Amino acid sequence: MNIKQINNFLDKFVNSVYGADVYIVDKNGWLYPKMIVYPYKFLKNSKDYDPEYEKLLYHDNFVKLLENSLKYIGKSDMSYNRPEYTLSKDWGEYFNDYLKNLEYLIPMFFDSDYLPEDKQGMVEDTDAKIGNVWFTGGYRISGVETNIEPELSVKIIVSKKGKDMIHTYSPSFDDYLSNNMNVDEQIELYFDVK
């Protein structure tokens, strides 16, 4: 059975049973299992949130899903590299709206009373744009009660003065955001310079 046949099986079986998109990539003989991640399915504040889908975004659950699926075609002993996640281009309404809200709110922070009076209005280029977005799968750590949760990371591009102001007054910035929007704990923000 070749990779194309295995992927056809995974596409039909895994999607119908688990609601996930899983496939295997062959890179010079090395097999890499991948799962396409749909933010709207795992972000708890999304109307399309699915707790069963979120469970699949933990590394050990992804491996079990893969092993359980491959046994149906006699490939349970198939060796492959560590599974990886690929972020879907379909981010869903909730995540897209969240990003638009960030782009709207961040520029207003620089003139807000969350900054000391002498710092308000100092940032002339207040534009904020969404840069790269990436996903990190979750991990269960044995012997520890807390897990590393799956999360999205968002790079926000701002001016150098804007980035410096956000970092210098990060508690005020956090307060500003939490008082003006529902901050999603599953989304981590990073700032970079234009």
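1. Is Asn68 buried, partly exposed or exposed? Asn68 counts as partly exposed, because its relative accessibility is 33%; buried means under 20% relative accessible area, exposed over 50%, and partly exposed in between, with a 1.4 Å probe and protein chains only. Asn68 lies in helix H4, where helices (H or I, at least four residues) and strands (E, at least two) are DSSP runs, numbered from the N terminus. The C-alpha atoms of Asn68 and Val14 are separated by 9.7 Å, although these residues are 54 places apart along the chain.

2. Basis of the note. The model is predicted, and local features need pLDDT of at least 70, side-chain atom pairs count only at pLDDT 80 or more, and totals for chains, interfaces and linings use all residues. Residues are numbered from 1 along each chain as its sequence is written, and side-chain values use heavy atoms, with hydrogens and water left out.

3. Helix H1. This helix spans residues 3–18, and its buried residues are Ile6, Asn7, Phe9, Leu10, Phe13 and Val14. Strand S1 (21–27) and helix H4 (59–70) are among the elements that cover the buried residues of H1; the underlying contacts are heavy atoms within 4.5 Å.

4. The ends of H1. At the N-terminal end, Asn2 acts as a cap, with a side-chain oxygen 3.0 Å from the backbone nitrogen of Lys4. A polar contact is a pair of N or O atoms within 3.5 Å; within protein, one must be able to donate a hydrogen and the other to accept it, and residues adjacent in sequence count only if both atoms are side-chain atoms. After H1 comes Gly19, with a positive phi near 70°.

5. Glu54. This residue lies in helix H3 and is buried, because its relative accessible area is 7%. The side chain of Glu54 makes a polar contact of 3.3 Å with the side chain of Lys44, and another of 3.5 Å with the side chain of Gln186. Neighbours within four places in sequence aside, the residues in contact with Glu54 are Phe42, Lys44, Tyr49, Glu149 and Gln186.

6. Gln186. The partner of Glu54 sits in the loop between H7 and S6. Gln186 counts as buried, because its relative accessibility is 10%. A polar atom of the Gln186 side chain lies 3.2 Å from the backbone oxygen of Phe42. Residues up to four places away in sequence not counted, Gln186 touches Phe42, Leu43, Lys44, Glu54, Pro150, Glu151 and Leu152.

7. A salt bridge within H3. The structure has 8 salt bridges, each defined as a side-chain nitrogen of Lys or Arg within 4 Å of a carboxyl oxygen of Asp or Glu. One of them joins Glu52 and Lys55, with the closest N and O atoms 3.1 Å apart. Both residues lie in helix H3 (residues 51–55), 3 residues apart, which is about one turn of the helix. Glu52 is partly exposed at 49% relative accessibility, and Lys55 is partly exposed at 40%.

8. A salt-bridge network across the sequence. Lys194 and Asp125 meet through their side chains in a salt bridge of 2.8 Å, N to O. Lys194 lies in the segment after strand S6 (187–193) and Asp125 in the loop between helix H5 (92–109) and strand S4 (129–136), so this pair ties together parts that are 69 residues apart in sequence. Asp125 is partly exposed, with a relative accessible area of 36%. Lys194 also forms a salt bridge with Asp127, at 3.9 Å between the closest N and O atoms. That pair likewise links distant parts of the chain, 67 residues apart, with Asp127 in the loop between H5 and S4. Asp127 is partly exposed at 33% relative accessible area. Asp125, Asp127 and Lys194 are thus linked in a network of salt bridges.

9. The largest pocket. Its volume is about 370 Å³. Of the 17 lining residues, Phe173, Asp174, Leu177, Glu188 and Leu189 are the closest to the centre. A pocket is, on a 1 Å grid over the protein atoms alone, an open set of points where a 1.4 Å probe fits, with protein on both sides within 12 Å along at least five of seven lines; lining residues have an atom within 4 Å of a point. Helix H6 (160–168), helix H7 (170–180) and S6 each contribute at least two residues to this lining. The lining comprises 10 nonpolar, 3 polar and 4 charged residues.

Note on methods:
Grid points are joined across faces, edges and corners, and a volume is the space filled by probe spheres set on the points. Ala, Val, Leu, Ile, Met, Phe, Trp, Tyr, Cys and Pro count as nonpolar, Asp, Glu, Lys and Arg as charged, and the others, Gly among them, as polar.
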